[in-house]
Amino acid sequence: VGGIETHFDDLVSELDKKNWKVWVLTYKPITTKVWAPFFEKRGKNIIIYRIPWFRGLFYKLVKKPLFEFVFLTPGLFFALPFLLLSYTNKVQVIHSHGLVAGFISVFWAKIFRKKVVTTTHSIYHFPKSGLYRNFARWIFDKSDSVLTLSEQSKIELVALGINENKIKVFTYWIDLNCFKPIKNAKEKLGWERKFITLFVGRLVKEKGVLVLLEAAKKWNKYITLVIAGTGPLETIINEQSAKNKNINYLGKIDNDKLPLYYSASDLLIIPSIHEEGFGRVILESLACGTPVVGSNRGAIPEAIDNSVGKLIEINQANIVSTVEYFHKYPDKLFKLSKETRRYAKKRFSEKNADTIVEAY
């Protein structure tokens, strides 16, 4: 569950199409109660190894980088050399995602003499000095190539002291045959008489969920907030849904069913109060014909412009006034929705994978 995980799934599928042999080393699900096999073959060229690991700790440690690092490192650290020994004559590139995987990959790549590509998926806000900053700089310095999800992330790494020439900016992509407008979606969900504002994502404070809930209590009673996702705030959202008729919590929605919910919604809202990496749900919503109201923080401004949505500073008053504006002026919303699919086709096609392949 999550944009990074879905991107990684798309990436290995695209590499399979391009006839790359791919070994994936990861953990079994640690943030959701989902079963997954230790060993899996997929497509023509994909082999996946999932290491059993501790559930229930990730969200408690995510704000403490040192403890998160200690929690996430051991399993991957000791498993990677065994995988490399098994396939050492076949593996040419190790592609790591995030700082923990980056450290592990750089460490073992130097011993096994492999190339390393490290990808960042977020804005890190490195301190001006100290161990964390130096540690991160070492990882990126020792990587052969660095891929960032936004120009803002690239600027952050250049300020860290990383050679600008080794940094490339890539953009997520989506399956435009899967994410597309669905006719009569509102009728299929029984939403035909409702104005729907949709939130899709992890249910954590950083995503702005609590601010959004308070806004939903204040806005026009004919506007319904629909929330899809899982996370630590599920209990609070369930409670608010029970108390307020215009708040509807769906729980986790499988990716293949999301196009129906995007298509049936009038707006997607991304009220992040932290520096969002890019926001994959933006791509999915636009491809399904639904405009986006998003936080003006992080890389979200790189994902949308005024032709397909609206950027706002996130607070309760701004959320209420923006959502009510589009509810009051459906012609303005319709004008945005007419542009969304074209915008998605132009910016978020599978061609975006070429930047990653070139890094290999």
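In this predicted model, strand β2 and strand β3 (residues 46-51) run antiparallel and are joined by four bridges. One of the residue pairs along them is E40 with its bridge partner I48, which lies in β3. The two strands belong to an open sheet of three, arranged in the order β1-β3-β2, and the pairing within this sheet is mixed. Because β1 (22-27) and β2 (39-42) stand at the edges and each has a single partner strand, one side of each is left without a neighbour in the sheet. From one strand to the next, the twist averages 20 degrees.

Two helices can be placed against these strands. Helix α1 (residues 3-17) packs on the sheet, where it touches β1, β2 and β3, and its direction makes about 165 degrees with that of β1. Helix α3 (residues 65-87) lies across β1 and β3, and it runs at about 160 degrees to β1.

Further along the chain, strand β12 has pairings with β11 and with β13, which are set out below.

| Strands | Direction | Bridges |
|---|---|---|
| β11 (residues 267-270) and β12 (residues 292-295) | parallel | three bridges |
| β12 and β13 (residues 309-312) | parallel | four bridges |

The residue G294 helps to trace these pairings, since in β12 it is the bridge partner of I270, while its own bridge partner in β13 is L311. Between β11 and β12 the chain passes through helix α11 (residues 280-287), and this β-α-β crossover is right-handed.

Within helix α11 lies the residue E284. Is E284 buried or exposed? Its relative accessibility is 3%, and E284 therefore counts as buried, the cut-off for that class being under 20%. The side chain of E284 makes a polar contact with the side chain of R280, at 3.0 Å. Apart from its neighbours within four places in sequence, E284 is in contact with I174, F179, L258 and Y262. An α-helix has 3.6 residues a turn, so residues three or four places apart point the same way.

Helix α13 (residues 316-328) offers a simple check of helix geometry. At 1.5 Å a residue, its 13 residues should span 18 Å, and the end C-alpha atoms are indeed 18 Å apart, so the two values agree. The N-terminal end of α13 is capped by N315, which has a side-chain oxygen 3.2 Å from the backbone nitrogen of A317. Which residues of α13 are buried? They are I319, V320, T322, V323 and F326.

Definitions and conventions
Residues numbered from 1 in each chain as written. Predicted model: local features only at pLDDT ≥ 70, side-chain atom pairs only at ≥ 80, totals over all residues. Heavy atoms only, no water. Pairing = 2+ DSSP bridges. Axes fitted to C-alpha atoms, helices over the stretch in contact; angles between N-to-C directions. Contact = heavy atoms within 4.5 Å. Right-handed = clockwise from strand over helix to strand, strands pointing away. Expected span 1.5 Å × (residues − 1). Buried < 20%, exposed > 50% of the residue type's maximum accessible area, 1.4 Å probe, protein only. Polar contact = N/O pair within 3.5 Å; in protein donor to acceptor, adjacent residues only side chain to side chain.
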